[in-house]
Amino acid sequence: LIQGSDANTFLYNMNAKNFLGEKMLLESNYELKATSCDLANRETETDLLVMAIGYDIGLLRIYQFNNETLKLSLLTQLRAHEVPIKRVLFSPDKSYLITQTTNEIFIFIIDDYHKIIPFCSIRKSCSIIDLDWHPESKKFIVGLSDGSVEEIEIPLNFDNSKTFLMTEYNY
């Protein structure tokens, strides 16, 4: 995902045959700066190809890619943070999405890609350098600016059929 100074956002397919990859215009003259994106892994060729993009004003957008028309359709968007999103990651099983800012992580439950449910937030006292999912999907690793690394497990005591209020957890 690359955004030029002309406010055009392009998606590059680096699996393409040529060295530079195939370029596809994602957004034209969009006033927001895309800061992070992730693709939900597909189990089969018939699964939807879904992409989450985070923006500089804290906006989160979920797109679906249509293989036949080679176009993206906006499925949903929400204001996830009040500050720029630095990282967006789908869990390996596609049931969760996490977004990261400088010192906060939001966890969302994916009911379907049209409905992303805010589940909880985790605020850290120092800057978050990086994070990534553990293959088990309910855990992720966080690297912090104080040199520490933490493993965080999503609480298992929730009913996925209900809508949740955002809860802040301290680890």
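**A hairpin and two cysteines**

Okay, let's start with one pair: Phe140 has Ile152, in strand β14, as its bridge partner. This is a predicted model, where local features need pLDDT of at least 70 and side-chain atom pairs count only at pLDDT 80 or more, while totals for chains, interfaces and linings use all residues. Residues are numbered from 1 along each chain as its sequence is written, and side-chain values use heavy atoms, with hydrogens and water left out.

Back to our pair. Strand β13 covers residues 139–144 and strand β14 covers residues 149–153; they run antiparallel, joined by five bridges. Strands pair if DSSP finds at least two bridges between them. What do β13 and β14 form? A hairpin, with four residues between them, and Gly147 in the turn has a positive phi of about 95 degrees.

Zooming out, the protein chain has 15 strands and zero helices. Those are DSSP runs, numbered from the N terminus: strands are E, at least two residues, and helices are H or I, at least four.

Of the 171 residues in the chain, 43% are buried. Buried means under 20% relative accessible area, exposed means over 50%, and partly exposed is in between, using a 1.4 Å probe and protein chains only.

Now, cysteines. Cys126 counts as buried because its relative accessibility is 17%. Cys37 is at 28%, so that one counts as partly exposed. How many disulfides does the structure hold? Zero. For a disulfide, we'd want a pair of cysteine sulfur atoms within 2.5 Å.
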